[in-house]
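Please open the model in your viewer and keep the sequence panel beside it, so that each selection can be followed in both places. We will go from stop to stop, and at each one you will be told what to select and what is there.

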Amino acid sequence: MVSQKPTIVVGLSGGIGSGKSFVAGLLKDLGAQVFDADRAGHDVLCEDKIKELLRQRWGDQIFGSHGEVNRQAVAGIVFGRDDNAVTELRFLQSISHPRIQHALEKFIKTFKIAGNSASIVVDAALLFEAKWDQCCDKVIFVDCSESVRWQRCRERGWSDEEIIQRQASQLKLQEKRSRSDLILDNAGTREDTQKQLQTMWAVLIASVN
């Protein structure tokens, strides 16, 4: 019988535009299995049951010509600083987060049972807000200056108002940082981040072997 490898589950936290997905990609190159919560959320919006619930709530305005959910239209409804946006965001999360968590738990269980991977990474913007950090052994906070984060968001095509609205829907950076176990500086070059990450990752993997 082939012995199973112990598995560590590491969550990624950080502000909008800090580079969590970039770091997740680097960790994938180091052999980690990556759970992309954003992709899982996209898959949830493709479910017929979810689409019907959203149609009942917001009408046909949020659907594209092919009958799929227009995520930009949904973002325009749920991201904002007024009470209505907060209410609509809570509604969306109430029907999507349980399904994403189910997918996350299944993902982790699959690799732990197989015993062929030493590391799993959870790339989730709302890691703490959705309590998905409870599925993780450690959490890395991806740090970056506000100016760099905003520039990256603008390069995605987001207006400053959209950035402000999205930030308002998440925990304060200070809380995310304080609740994380490790800090990764992602304000420099790709090589700088890689070097830090390789050292940090080696220590984490060694801790489960």
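The tour below visits some helix contacts, a pocket and two loop residues.

Before you select anything, please keep in mind that this is a predicted model.

**First stop: α3 and α5**

Select helix α3, residues 48-58, and then add helix α5, which covers residues 83-114. The axes of α3 and α5 come within 11 Å and cross at roughly 170°. Angles over 145 degrees count as roughly antiparallel, and α3 and α5 are therefore roughly antiparallel to each other. To see where they touch, show the side chains of K49, I50, L53, L54, R57 and W58 in α3, together with T87, E88, F91, L92, I95 and R99 in α5. If you colour this contact of α3 with α5 by class, you will find seven nonpolar, one polar and four charged residues.

**Second stop: α2 and α5**

Keep α5 on display and select helix α2, residues 37-44, which packs against α5 at an angle of about 120°, with the two axes 9 Å apart. How do α2 and α5 lie relative to each other? They are oblique, and their crossing is right-handed. On the α2 side, pick out A37, A40, G41 and V44, which meet S96, R99 and I100 on the α5 side. The residues of this contact of α2 with α5 comprise four nonpolar, two polar and one charged.

**Third stop: the largest pocket**

Now turn to the space between atoms. Rolling a probe the size of a water molecule over the atoms shows where empty space is left. In this model the largest pocket holds about 1,100 Å³ of space. To find its centre, select D38, R71, F79, A125 and R166, which lie nearest to that point among the 36 residues of the lining. The elements that give two or more residues to this lining are α1 (20-29), α2, α4 (71-78) and α5. Which element gives the largest share of the lining? It is α5, with six residues. By class, the lining of the largest pocket divides into 16 nonpolar, 13 polar and seven charged residues.

**Fourth stop: α6, α7 and the loop between them**

Select helix α6, residues 146-155, and helix α7, residues 160-168, which pack at an angle of about 115° with their axes 10 Å apart. As α6 passes α7, the crossing is right-handed. The residues to show are R149, W150, C153 and R154 in α6, which meet D160, I163, I164 and Q167 in α7. This contact of α6 with α7 is made up of four nonpolar, one polar and three charged residues.

Next, pick R156, which lies in the loop between α6 and α7. Leaving aside residues up to four places away in sequence, R156 touches I16 and G17. You can also draw a line from the C-alpha atom of R156 to that of G188, which is 32 residues apart from it along the chain, and the separation is 19 Å.

**Last stop: K131**

Finish by selecting K131, whose place is in the loop between β3 (119-123) and β4 (138-143). The phi angle of K131 is near 65°, a positive value in a residue other than glycine.

Methods:
Residues numbered from 1 in each chain as written. Predicted model: local features only at pLDDT ≥ 70, side-chain atom pairs only at ≥ 80, totals over all residues. Heavy atoms only, no water. Axes fitted to C-alpha atoms, helices over the stretch in contact; angles between N-to-C directions. Helix = DSSP H or I, 4+ residues; strand = E, 2+ residues; numbered from the N terminus. Parallel < 35°, antiparallel > 145°, perpendicular 65-115°, else oblique. Left-handed = near helix turned anticlockwise from the far one by under 90°. Contact = heavy atoms within 4.5 Å. Nonpolar A, V, L, I, M, F, W, Y, C, P; charged D, E, K, R; others polar. 1 Å grid on protein atoms, 1.4 Å probe; cavity = no way out; pocket = protein on both sides within 12 Å on 5 of 7 lines; lining within 4 Å. Points joined across faces, edges and corners; volume = space filled by probe spheres on them.
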